[in-house]
Amino acid sequence: MPLEFLRRKAAEPVPAEASPVATPVPSPSGSALPEEVVAQEHQLRLHYGGKTSEGVRIQAGPSAMRDLPSMLVGLAKSEIEVVAPLPIEFAGAAPTIARPSEAMQWLNAHHDLSPVTRHALVVLESLDAVDLAFDTFACALLDGETDTLGYPEYNAVVGGVAGHWDEATGDLIVRGVVGWGGKGVRGDTDRIATRMLTNILSNVLANRHALGLTPIDRPAAATGRGGVVCGHCGFASAHERAFYCPKCGMRLLRG
Ligand SMILES: [Zn+2]
């Protein structure tokens, strides 16, 4: 309900002394401060929600990462888009417009993605449910509608599967990730999101290389400079502690 706060305002008449057109009346004693400032309230409530499933271990192999989009077949209501881990030059990318360096990196990395995927990344990265330092993320609209420009409504559920290479075994760990949000909230979105997450998890478990459920041991977030260059595909990882190339899954050679 994006307009809830406007409606509430209209329903409660503002007392005359707090009206925007009221001008301070000079007090007889001169320019003394009033006891309390006449304040107009401004408020915006943004609501983001997200859920992630348990991980599913997928046997390492050349097709493991390529299978990610197929895990959304039958569930996606839009084109399935795959977002690869970010290279070192985007290590600081974050969807926070008040921090121009982070925001510029984020836009440079993601401006050519679809509105659905960009919205999903804003929500899921803000919630720390997806980390493109090591995640590969296959994403689509899962429930609900988009506006005329293609951006999901606040109650639309977006997401898909995120995979990263397990630092201990080199297997691919895939989890379901769903998110929603914006200037409003609806009571049934949480329930719909849980249903979508269940459907995604069963699709992941149905993959021919799935080895079963596994606890998710996320690699520690990038803290330093990163910059380990993969000797196999040339990818310069933004993730300092990775043993496996986030992009091609081959063991990184350290000099
Ligand atoms: Zn590589």
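Hello everyone, let me start with one residue: Cys-245 has a relative accessibility of 0%, so it counts as buried. Before I say what Cys-245 is doing there, please keep in mind that this is a predicted model.

Cys-245 belongs to a zinc site. Which residues are the protein donors of the zinc ion? They are Cys-230, Cys-233, Cys-245 and Cys-248, each through its SG atom, lying 2.3 Å from the ion. Along the chain, these donors follow the spacing C-x2-C-x11-C-x2-C. Cys-230 and Cys-245 are 15 residues apart, and both sit in the segment after strand 6, which covers residues 210-214. Cys-230 is buried too, because its relative accessible area is 3% and the limit for buried is under 20%.

What about the geometry? The four donor atoms subtend angles of 107 to 115 degrees around the zinc ion, and therefore the arrangement is tetrahedral. For comparison, the ideal angle for four tetrahedral donors is 109.5 degrees.

Now let's step back to the whole chain. There are 255 residues, and buried ones make up 42% of them. The chain has four helices and six strands, and if you read along the sequence the pattern goes α-β-β-α-α-β-β-β-α-β. Take the contacts between residues at least 6 apart in sequence: 65% of those join residues at least 24 apart. As for the surface, the chain exposes about 14,400 Å², with carbon and sulfur atoms supplying 56% of that.

Next, please find strand 5, residues 172-182. How many of its residues are buried? Eleven of the eleven, so strand 5 is largely enclosed by the rest of the structure. Both of its faces are covered. On one side you have buried residues including Leu-172, Val-174 and Trp-180, and on the other side the buried ones include Ile-173, Arg-175 and Val-177.

Who are the partners of strand 5? One is strand 1, residues 47-58, which pairs with strand 5 in the antiparallel sense over ten bridges. If you want a spot to look at, Tyr-48 has Gly-181 of strand 5 as its bridge partner. Another is strand 4, residues 157-165, which runs antiparallel to strand 5 and is joined to it by eight bridges. There, His-164 stands opposite Ile-173. Strands 4 and 5 form a hairpin with six residues between them, and in the turn Gly-170 has a positive phi of about 80 degrees.

Let's move on to helix 4, residues 189-205. From first C-alpha to last, its 17 residues reach 24 Å, close to the 24 Å expected at 1.5 Å a residue. Its buried residues are Thr-189, Ile-192, Ala-193, Met-196, Leu-197, Ile-200, Leu-201 and Val-204. Here is some background for those numbers: an α-helix has 3.6 residues a turn, so residues three or four places apart point the same way. And what do the buried residues of helix 4 pack against? The answer is strand 1, strand 3 (136-143), strand 4, strand 5 and strand 6.

That brings us to one last residue, Gly-212, in strand 6. Is Gly-212 buried or partly exposed? Its relative accessibility is 21%, so it counts as partly exposed. Leaving aside residues up to four places away in sequence, Gly-212 touches Gly-55, Val-56, Arg-57 and Leu-205. Gly-212 and Gln-59 are 153 residues apart in sequence, yet their C-alpha atoms are 9.9 Å apart in space.

Thanks for listening, everyone!

Terms used
Residues are numbered from 1 along each chain as its sequence is written. This is a predicted model: local features need pLDDT of at least 70, side-chain atom pairs count only at pLDDT 80 or more; totals for chains, interfaces and linings use all residues. Side-chain values use heavy atoms; hydrogens and water are left out. Helices (H or I, at least four residues) and strands (E, at least two) are DSSP runs, numbered from the N terminus. Buried means under 20% relative accessible area, exposed over 50%, partly exposed in between (1.4 Å probe, protein chains only). Contact means heavy atoms within 4.5 Å. Accessible areas come from the Shrake-Rupley method with a 1.4 Å probe; for residues, only the protein chains shown count as cover. Donors are N, O and S atoms within 2.8 Å of the metal (3.2 Å for Na, K and Ca); water is not among the atoms, so sites may look incomplete. Four donors count as tetrahedral if all angles lie between 85 and 135 degrees; four count as square planar and six as octahedral if opposite donors are over 155 degrees apart and all others between 65 and 115; anything else is irregular. Two strands pair if DSSP finds at least two bridges between them. The expected span of a helix is 1.5 Å times one less than its number of residues.
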